Amino acid sequence: QTLAITFTNKAAGEMKERVEALLGASARWMWVCTFHSACARMLRQDAAMLGYRSNFTIYDEDDSARLIKHCLEDLRFDLKRYPPKAIQNLISDAKNKLIDVDDFGRSDDRPSDDAWSDGVSGHLDIAAQVYRRYQKRLLDANAMDFDDLLMRTVDILQLFPERLDYYRGLFRHVLVDEYQDTNRAQ
């Protein structure tokens with residue numbers, strides 16, 4: 001009934017080895033993993049509640065950057081004026097703060113506008129449009145990026161109390177390695 005979470009696959013592997021050395025076979029029932037792998041595991045069971053299939057694809061940073069570039073092109077925005085990497089960083093920052101598409105467009109909590117050094121005005125509005133299109137294209141592709149793994153798990157736990165109750169029953173203990181370094185989504 002223990003969930004042990006850490007930041008890297010290497011750290012999770014080392015932690016799992018230590019737990020197995022201490023507890024033996026019973027360690028197999030524990031979840032000893034990264035934030036992202038724990039969330040992916042939960043979402044494989046619960047993704048349908050949010051409109052995804054359980055076999056969703058996980059986009060890495062490069063996949064995400066490519067899709068954001070395509071979204072900018074779809075919306076006919078200048079890639080030099082609105083660099084995909086800067087938009088990607090704004091969207092990632094928003095997701096780590098659990099700011100969804102609708103809140104990003106109107107929230108005072110939107111990420112700071114220092115992503116552009118040239119003082120381009122209105123870039124947060126551009127980022128909001130790209131964020132909306134990006135999320136739609138991810139859903140259409142049955143895909144989530146790394147930040148979605150955390151944010152969508154939080155969505156499940158907040159929107160579906162029965163799932164929260166299920167995981168509360170499954171895990172009596174939660175150990176978070178280096179808790180002080182976590183962000184809001186984690």
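In this predicted model, the second largest pocket holds about 250 Å³ of space. Its lining comprises 15 residues. Nearest the centre of this pocket lie Glu61, Gln88, Ser92, Phe146 and Asp147. Three helices each give two or more residues to the lining: helix 3 (61-74), helix 4 (84-96) and helix 7. Helix 4 gives the most, with 5 residues. By class, the lining is made up of 5 nonpolar, 5 polar and 5 charged residues.

The largest pocket has a volume of about 530 Å³. It is lined by 21 residues. Of these, Leu3, Met42, Leu157, Ala185 and Gln186 are the closest to the pocket centre. Both helices and strands give two or more residues to this lining. The helices are helix 2 (35-46), helix 7 and helix 8 (161-170). The strands are strand 1 (2-6) and strand 5 (173-176). The lining of the largest pocket divides into 17 nonpolar, 2 polar and 2 charged residues.

Helix 7 thus appears in the lining of the largest pocket and in that of the second largest pocket. This helix spans residues 146-159 and includes Asp155. The relative accessibility of Asp155 is 18%. Asp155 therefore counts as buried, because the cut-off for that class is under 20%. Beyond residues up to four places away in sequence, Asp155 touches Leu50 and Phe160.

Notes: Residues are numbered from 1 along each chain as its sequence is written. This is a predicted model: local features need pLDDT of at least 70, side-chain atom pairs count only at pLDDT 80 or more; totals for chains, interfaces and linings use all residues. Side-chain values use heavy atoms; hydrogens and water are left out. Helices (H or I, at least four residues) and strands (E, at least two) are DSSP runs, numbered from the N terminus. Buried means under 20% relative accessible area, exposed over 50%, partly exposed in between (1.4 Å probe, protein chains only). Contact means heavy atoms within 4.5 Å. On a 1 Å grid over the protein atoms alone, a cavity is a set of points where a 1.4 Å probe fits but cannot get out, and a pocket is an open set with protein on both sides within 12 Å along at least five of seven lines; lining residues have an atom within 4 Å of a point. Grid points are joined across faces, edges and corners, and a volume is the space filled by probe spheres set on the points. Ala, Val, Leu, Ile, Met, Phe, Trp, Tyr, Cys and Pro count as nonpolar, Asp, Glu, Lys and Arg as charged, and the others, Gly among them, as polar.
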